[in-house]
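Visitor: Could you take me through one part of this molecule slowly, the place where the ligand sits, and then show me what is built around that place?

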Amino acid sequence: MTVRVKICGIRDQMGLDAACAAGADWVGFVFFSRSPRCVTAQVAAPLARAIANDGPGRIGLFVRPTDDEIRAVLDHVPLDGLQIYDDASRAAAIRDRFALPVWLAAGIGSTVDLPAFCAVDGLVIESRAPKGSDRPGGNAHAFDWTLTAGWTAPVPWLLAGGLRPDNVRRAIECSGARGVDVSSGVESAPGVKSPELIRQFVQAARA
Ligand SMILES: O=C(O)c1ccccc1NCC(=O)[C@H](O)[C@H](O)COP(=O)(O)O
């Protein structure tokens, strides 16, 4: 079974080219102003348009967005899906409103946090933001990967948080994940993607 991979926080052509060359299934664009990976619609639009039809899917990340904020991005940036940091009912409403696949990001502290039901298309299961962080994701912070091992997921899901080329294989084996999502672990500095780390990460995830 091929593990599916999302490379998140793409900000420039070099990172995008590396993700495409490595065979990533999705790339993520972060529309959250407090992120070191934040892109404007003007920056993301040419990158998203440059992706070939058989290239990675284009996912837009939003944190507690208003409809107007999402619409303002979609007016310029072609996206194939939305990753939403908000409560489950709001994520479902966004799915209905924009008729795009929606993945809900869920921060996990224990097995009781694992959703048994949801009205979205996918879940991104990651650690809760560490104390002091001003963003709910992209913190290079891992959780106990064994928490998901016995979970019957209601929809497809990705494992995220603190993954790197040197731990992603173990994370997949411990968690039972069939898809992984990474940002910090393939960067040489916050917000700066490393083509070599992207290559190593995808190779390790699928080894
Ligand atoms: O990347 C960010 O800065 C960010 C900010 C706000 C919400 C989400 C964000 N990133 C999400 C991701 O990149 C991934 O879904 C995931 O959290 C993995 O992050 P990392 O631990 O950095 O690999």
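Guide: Let us begin with the ligand itself, keeping in mind that this is a predicted model: there are 27 residues around the ligand, and among these S35, G137, G138, S183 and S184 come nearest. If you sort the residues of this shell by their chemical character, you find 12 that are nonpolar, 11 that are polar and 4 that are charged. Parts of the shell can also be traced to strands, since β3 (57-63), β6 (122-127) and β8 (179-182) each supply at least two of its residues.

Those strands belong to a wider arrangement, in which 8 strands close into a barrel, following the order β1-β2-β3-β4-β5-β6-β7-β8 with parallel pairing. On average, neighbouring strands of this sheet are turned by 25 degrees against each other, if direction is ignored. To see where the barrel closes, look at strand β1, residues 4-7, which pairs with β8 in the parallel sense over 4 bridges; here K6 stands opposite D181, a residue of β8.

From the strands we can turn to two helices, α1 (residues 13-22) and α6 (residues 195-205), which pack with their axes 9 Å apart and at an angle of about 25 degrees. Angles under 35 degrees count as roughly parallel, and α1 and α6 are therefore roughly parallel to each other, while their crossing is right-handed.

Finally, it helps to set these pieces beside what the record says: an unreviewed UniProt entry carries the annotation "domain: N-(5'phosphoribosyl) anthranilate isomerase (PRAI)" for residues 5-204. In the model, the C-alpha atoms at the two ends of residues 5-204 lie 11 Å apart, and the span is 28% helix and 23% strand.

Methods:
Residues are numbered from 1 along each chain as its sequence is written. This is a predicted model: local features need pLDDT of at least 70, side-chain atom pairs count only at pLDDT 80 or more; totals for chains, interfaces and linings use all residues. UniProt positions are given in the numbering used here, feature names are shortened, and annotations may be inferred rather than shown by experiment. A residue is near a molecule or strand if its C-beta atom, placed from the backbone, lies within 6 Å of it. Ala, Val, Leu, Ile, Met, Phe, Trp, Tyr, Cys and Pro count as nonpolar, Asp, Glu, Lys and Arg as charged, and the others, Gly among them, as polar. Two strands pair if DSSP finds at least two bridges between them. Axes are lines fitted to C-alpha atoms, for helices over the stretch in contact, and angles run from 0 to 180 degrees between N-to-C directions. Angles under 35 degrees count as roughly parallel, over 145 as roughly antiparallel, 65 to 115 as roughly perpendicular and the rest as oblique. A crossing is left-handed if the near helix is turned anticlockwise from the far one by less than a right angle, and right-handed if clockwise.
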